Amino acid sequence: GAYPAGDGAAITNVPTGKITTAIPIVTVGTSSTAENTLLSYSLAGGLLSTSNVIRVSGYITCANAGGISTCTFRFKYGATTLFTTTHGLSGGLANYTYLFNFTIYANGATNIQNSDLGMMSNHASVAGVIGANTATEDSTAAKNIIITAQNSISDSNFAATLRNVVIKKIS
């Protein structure tokens, strides 16, 4: 079939929408079973409004050179934990990388949000985690977007690392 030709120069007035990519690489969880914060980003009040969308995407790597364990990730908006997902980690020299897309949608009001999470991994037993959830946060005030990791055993050989994060306003 025929494809349109051109260099995109005729496309105008498209905002980049990027809020930030200035998220440092963070590694947590070594010798701990505590819930550790990988990301805490303050989203400005009013940004979601009644019809906007925020997407957070990036990679989490779990390095597990120790024993068999599970790693639990939590994705939060304000005081609401929207998603909790747990993944088994085999012992030995194993690195599992998870690509995630965490999206928060305003749902016609400043105090109703929908969200979804998609995750894919190089871990054989994790084909993908997809889900949807709701929150009732007052988005006219600043709210934190939080991602945490928690290992089931305290092991100096375990670490969760967050990298290549992009936070973007889609609409």
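**Salt bridges, core and cavity**

Biologist: K76 pairs with E35 in a salt bridge, with the closest N and O atoms 2.9 Å apart. What makes this pair a salt bridge?

Modeller: The rule asks for a side-chain nitrogen of Lys or Arg within 4 Å of a carboxyl oxygen of Asp or Glu. K76 and E35 come to 2.9 Å, so the pair passes. K76 sits in strand β5 and E35 in the loop between β2 and β3, and the two are 41 residues apart. Strands here are DSSP runs of E with at least two residues, numbered from the N terminus.

Biologist: Before we go on, what sort of model is this?

Modeller: It's a predicted model, where local features need pLDDT of at least 70 and side-chain atom pairs count only at pLDDT 80 or more, while totals for chains, interfaces and linings use all residues. Residues are numbered from 1 along each chain as its sequence is written, and side-chain values use heavy atoms, leaving out hydrogens and water.

Biologist: How many salt bridges are there by this rule?

Modeller: Two. E35 also meets R74, at 3.8 Å from N to O. R74 lies in strand β5 (residues 69-77) and E35 in the loop between β2 and β3, so this pair ties together parts that are 39 residues apart in sequence. E35, R74 and K76 are linked in a network.

Biologist: Why is K76 called buried or exposed?

Modeller: Buried means under 20% relative accessible area, exposed over 50%, and partly exposed in between, using a 1.4 Å probe and protein chains only. K76 has 16%, so it's buried. R74 is at 18%, so it's buried too. E35 has 34%, so it counts as partly exposed.

Biologist: What makes a set of residues a nonpolar core?

Modeller: They're buried Ala, Val, Leu, Ile, Met, Phe, Trp, Tyr and Cys residues, joined through side-chain atoms within 4.5 Å. The largest core here has 35 residues, and V56, F73, F75, F100, F102 and I145 are those with the most contacts inside it. Strand β7 (residues 94-106) gives the most to this core, with six residues. In general, nonpolar side chains tend to be buried together in soluble globular proteins.

Biologist: Which residues does F102 contact?

Modeller: Contact means heavy atoms within 4.5 Å. Leaving aside neighbours within four places in sequence, F102's contacts include V56, F75, K76 and I145.

Biologist: Where is the empty space, and what makes it a cavity?

Modeller: A cavity is a set of points on a 1 Å grid over the protein atoms alone, where a 1.4 Å probe fits but cannot get out; its lining residues have an atom within 4 Å of a point. The structure holds one of 30 Å³ or more, and the largest has about 30 Å³ of space. Volume is the space filled by probe spheres set on the points, which are joined across faces, edges and corners.

Biologist: Which residues line the largest cavity?

Modeller: Among them are V28, S32, N36, Q150 and F158. The largest share of the lining, three residues, comes from β10. By class, the lining has five nonpolar, five polar and no charged residues. Charged covers Asp, Glu, Lys and Arg; nonpolar covers Ala, Val, Leu, Ile, Met, Phe, Trp, Tyr, Cys and Pro; the others, Gly among them, are polar.

Biologist: Why is N164 called buried or exposed?

Modeller: N164 reaches 54% relative accessibility, so it counts as exposed. N164 lies in strand β11, and its phi is near 55°, a positive value in a residue other than glycine.

Technical notes:
1 Å grid on protein atoms, 1.4 Å probe; cavity = no way out; pocket = protein on both sides within 12 Å on 5 of 7 lines; lining within 4 Å. Helix = DSSP H or I, 4+ residues; strand = E, 2+ residues; numbered from the N terminus.
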